[in-house]
Amino acid sequence: MTDESTSHLAGLNPQQLEATQHFEGPILVLAGAGSGKTRVLTARICQLVREYGVPADRILAVTFTNKAAGEMRERIGRLLGGEPTGMWVGTFHAIGARLLRRHAERLGYDRAFSIFDADQSLRLVKSVQESVGVDPKRWASKAIRGEISNAKNQLITAQEFQARSEGSFDLFVKNVAKVFPEYQKSLESQNAFDFDDLLIKPVELFETLPDLLERYRERFAFVLVDEYQDTNRAQFRFVELLAGGHRNLMVVGDDDQSIYRWRGADIRNILDFETAFPGARVVRLERNYRSTQRILDAANLVISQNTERKGKTLFTERAGGESVTLVESLDETDEARWIVQEIEARVRETPTLSHKSVAVLYRTNAQSRALEDALRREGVPYQVVGSVRFYERREIQDVLAYLRLISNPRDEGAFERVVNYPRRGVGLTSLEHLRAWAARERVSLLEAAARSDEVPEMRAAGSHGLRSFADLIQRYSVRATQASIGELLEELVEELDLVRALQDEGPEGEDRARNVAELIAGAIDFDAAMVEDAEETGDDTGGGVDRFTELDLFLQQVALVADVDKLDPNAETVTLMTLHNAKGLEFPLVFIAGLEEGLFPLARAYDEPAALEEERRLFYVGITRAEDKLVLSWARQRRRAGDLTFNLQSSFLEALPPDLLEERRTQRLTVTASSLPHRGQRAYERSREDFDEPHVETEPEYAMNQDTPRFVKGERVVHGTFGSGAVVEISGFGRDLKVTVDFDTVGRKKLLLRYAALERDWP
């Protein structure tokens with residue numbers, strides 16, 4: 001072989017060469033993080049074409065993103081010295097659509113079919129709900145659409161779903177069973193497929209038309225699949241059918257990075273590959289080209305705790321490296337400030353490090369709020385990847401629109417955004433009449449709403465909804481002059497029943513509800529931040545800050561976030577993202593924030609061993625994003641869902657020995673919380689537990705426990721962090737019992753009693 005003919009093999013290590021030079025038969029490539037899997041895939045295709053004489057048009061390569069498909073095709077073309085004519089490279093959805101364009105008639109569709117995107121699909125679900133009597137106000141369309149999608153990805157037809165539901169006592173399932181068949185019929189009548197159909201209809205083609213299956217088995221004599229650990233049942237079946245004859249199938253993936261179970265991915269597809277394809281060759285790519293050995297040691301120790309895995313150990317020639325830093329902080333604000341200060345210090349001190357070299361990863365979107373606030377306060381440019389900025393999210397904008405209108409009754413944009421959210425019977429026709437009358441009378445829309453019974457042609461239902469809305473805004477305008485922003489926002493969200501409305505939207509709604517709770521947490525903490533601002537400005541305005549309500553000042557601070565959006569998109573920025581969005585990326589410096597029990601891993605993961613193992617795989621993904629330095633952080637207390645929680649360090653950290661870690665504490669924690677348990681104390685406490693069962697923090701039922709202290713107003717109490725203080729208010733019942741305490745050193749705090757661990761301050 002000439003040097004030119006083997007250029008695609010240059011620089012490959014022995015394991016990569018073994019995978020690349022494999023010819024016929026099934027092969028599983030277990031590609032560890034940073035092990036060069038994309039290079040192996042492209043080199044194998046070049047090997048098939050150049051060395052084994054396989055025509056390019058007999059090769060099918062399946063990826064998970066259009067970007068990956070484009071990059072693979074470009075790299076192959078570069079290595080081969082020309083476009084691989086006839087080769088199919090694309091995502092499962094793109095390849096499915098391509099097949100359906102050719103053969104839709106055989107399923108009763110026209111080739112000129114439409115593909116409904118997520119929004120169109122959701123609107124159709126809602127329309128079908130109304131037609132079959134499943135009230136969209138009670139049964140969220142997003143949740144129903146999600147259940148239909150899950151069923152399709154498991155290759156469960158509408159008729160099968162309906163049959164299974166007949167014996168169910170689950171009302172939600174029964175209602176989905178009413179919608180699913182009619183939804184599918186409506187798609188068919190409109191000659192349309194939704195995104196899930198692009199996966200399941202090609203399977204239907206192959207299963208029902210043996211001649212067509214044989215034709216494509218002959219056409220695609222070699223099949224390669226990337227990110228195999230993320231395949232669902234429908235995708236597995238498609239690959240199984242297509243490669244089931246010649247068995248020339250290469251799948252590349254990492255069982256330790258399977259993190260999409262919640263959207264249908266089945267880790268068993270990669271774990272059971274050798275059962276599905278007997279005699280399969282297995283090659284492990286364990287050499288990592290990204291991280292230092294210390295970072296890989298941490299990753300290997302963490303993932304070794306999982307039992308459902310094929311097993312591999314990453315190594316690198318980058319011996320040593322900095323220790324992994326573990327930082328203990330007081331709360332999410334303290335954690336965020338420390339992270340930002342550490343970023344700035346390292347960027348200043350390291351010539352090769354810039355803001356774009358840094359990523360801060362977290363488990364839930366809601367965690368970005370404190371981080372964004374800290375970055376903005378220090379003037380550090382940042383970007384949020386895979387999600388809109390915290391203050392730009394739909395649910396946050398809705399709540400802020402209420403606050404803007406309460407603060408400024410003439411804000412018509414805010415009025416129109418929320419006048420019928422949540423629904424209060426104000427339709428488009430009512431709004432048209434209102435706008436016209438307000439313009440004639442030269443009054444604001446809010447004033448017109450308050451006087452809507454004077455508007456000609458206004459229906460009674462619309463008038464009632466408008467007047468109740470105007471009354472709500474007026475009441476909160478008065479309340480804003482008396483209450484803190486935290487109290488105001490809590491009361492508003494509760495009166496609107498907004499959290500329930502969001503939760504009814506399904507899994508995505510749960511995340512939106514958490515974001516609203518995080519906004520409330522930020523508002524509750526706002527008081528201290530504004531005191532600092534007033535001290536810094538010296539309050540030289542003459543009138544002081546008293547003429548502003550806390551609401552006015554809060555909205556002013558939030559508005560400043562928009563200034564960050566005007567940055568040059570090419571500017572150096574710190575990257576914020578969830579751990580899910582970080583998969584496939586790498587950064588010299590990586591922070592993983594919020595490593596606390598109940599947050600990471602999420603509390604619900606303890607309900608099922610498979611879920612807990614996926615959470616641990618997600619941690620592994622985060623660790624292996626780091627090239628040179630990894631920093632882990634956790635907070636002793638954090639506002640979650642509007643309540644102050646007191647936390648234990650994540651159990652995931654127990655896999656990391658002290659000699660691998662550099663343990664640090666923030667200055668604020670050292671000063672104010674030295675009496676709280678340390679890592680060693682927690683390890684001692686955990687050692688006494690029964691490790692046959694998952695560790696779950698139990699919460700005392702204060703309403704039922706006769707031994708629980710019954711505090712009264714005026715009573716002196718002691719808190720482990722805040723010290724001594726006096727009880728000024730008690731509210732709520734049972735698990736939601738809250739106590740407000742004026743602490744001698746840190747001022748007034750509102751605490752959830754089941755977490756507060758208060759004791760009487762005996763004389």
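Where is Asp230 found in relation to strand 6 and helix 11? In this predicted model, Asp230 is found in the loop that runs between strand 6 (222–225) and helix 11 (233–243). Despite this loop position, Asp230 is buried, with a relative accessible area of 8%, a value that falls under the 20% limit used for buried residues. The side chain of Asp230 makes a polar contact with the side chain of Lys583, at 3.4 Å. When neighbours within four places in sequence are left aside, Asp230 is in contact with Phe64, Gln235, Gln257, Ser258, Ile259, Tyr260, Ala265 and Lys583.

The setting for these local features is a protein chain of 763 residues, of which 53% are buried, and its secondary structure comes to 31 helices and 22 strands. Among the contacts in the chain with a separation of 6 or more, 73% join residues that are 24 or more positions apart.

Helix 2 (residues 37–50) illustrates the agreement between helix length and geometry: at 1.5 Å a residue, its 14 residues should span 20 Å, and the C-alpha atoms at its ends are indeed 20 Å apart. Helix 2 is also mostly covered, since 10 of its 14 residues are buried. The buried residues of helix 2 include Val40, Leu41, Ala43, Ile45, Cys46 and Leu48, and also Lys37, Thr42, Arg44 and Gln47.

A second buried position was examined in helix 17 (residues 394–407), which contains Ile406. The relative accessible area of Ile406 is 4%, so this residue is classed as buried. Beyond the residues up to four places away in sequence, Ile406 touches Ile473, Tyr476, Ser477, Ala480, Leu492 and Leu551. Ile406 and Val478 are 72 residues apart along the chain, yet their C-alpha atoms are separated by 8.8 Å.

Helix 17 also takes part in an open site. The second largest pocket has a volume of about 970 Å³, and of the 24 residues that line this pocket, Lys126, Pro136, Tyr421, Arg423 and Glu505 are the closest to its centre. Two or more lining residues are given by each of helix 5 (118–132), helix 6 (141–153), helix 17 and helix 23 (498–503), with the largest share, 5 residues, coming from helix 5. By class, the lining of the second largest pocket has 15 charged residues, together with 7 nonpolar and 2 polar residues.

Enclosed space was also found, in the form of 2 cavities of 30 Å³ or more. The largest cavity, with a volume of about 60 Å³, is lined by Phe92, Ile95, Gly96, Leu198, Leu199, Pro202, Gln235 and Phe238. At least two residues of this lining are supplied by each of helix 4 (92–103), helix 9 (197–208) and helix 11. Gln235, one of the lining residues of the largest cavity, is also among the contacts of Asp230. The lining of the largest cavity has 6 nonpolar and 2 polar residues, but no charged residues.

The second largest cavity holds about 40 Å³ of space and is lined by Glu332, Glu335, Ala336, Gln367, Ala370, Leu371, Ala593 and Arg638. Helix 15 (332–349) and helix 16 (368–377) are the elements that give two or more residues to this lining, and helix 15 gives the most, with 3 residues. In contrast to the largest cavity, whose lining has no charged residues, the lining of the second largest cavity divides into 4 nonpolar, 1 polar and 3 charged residues.

Definitions and conventions
Residues are numbered from 1 along each chain as its sequence is written. This is a predicted model: local features need pLDDT of at least 70, side-chain atom pairs count only at pLDDT 80 or more; totals for chains, interfaces and linings use all residues. Side-chain values use heavy atoms; hydrogens and water are left out. Helices (H or I, at least four residues) and strands (E, at least two) are DSSP runs, numbered from the N terminus. The expected span of a helix is 1.5 Å times one less than its number of residues. Buried means under 20% relative accessible area, exposed over 50%, partly exposed in between (1.4 Å probe, protein chains only). Contact means heavy atoms within 4.5 Å. On a 1 Å grid over the protein atoms alone, a cavity is a set of points where a 1.4 Å probe fits but cannot get out, and a pocket is an open set with protein on both sides within 12 Å along at least five of seven lines; lining residues have an atom within 4 Å of a point. Grid points are joined across faces, edges and corners, and a volume is the space filled by probe spheres set on the points. Ala, Val, Leu, Ile, Met, Phe, Trp, Tyr, Cys and Pro count as nonpolar, Asp, Glu, Lys and Arg as charged, and the others, Gly among them, as polar. A polar contact is a pair of N or O atoms within 3.5 Å; within protein, one must be able to donate a hydrogen and the other to accept it, and residues adjacent in sequence count only if both atoms are side-chain atoms.
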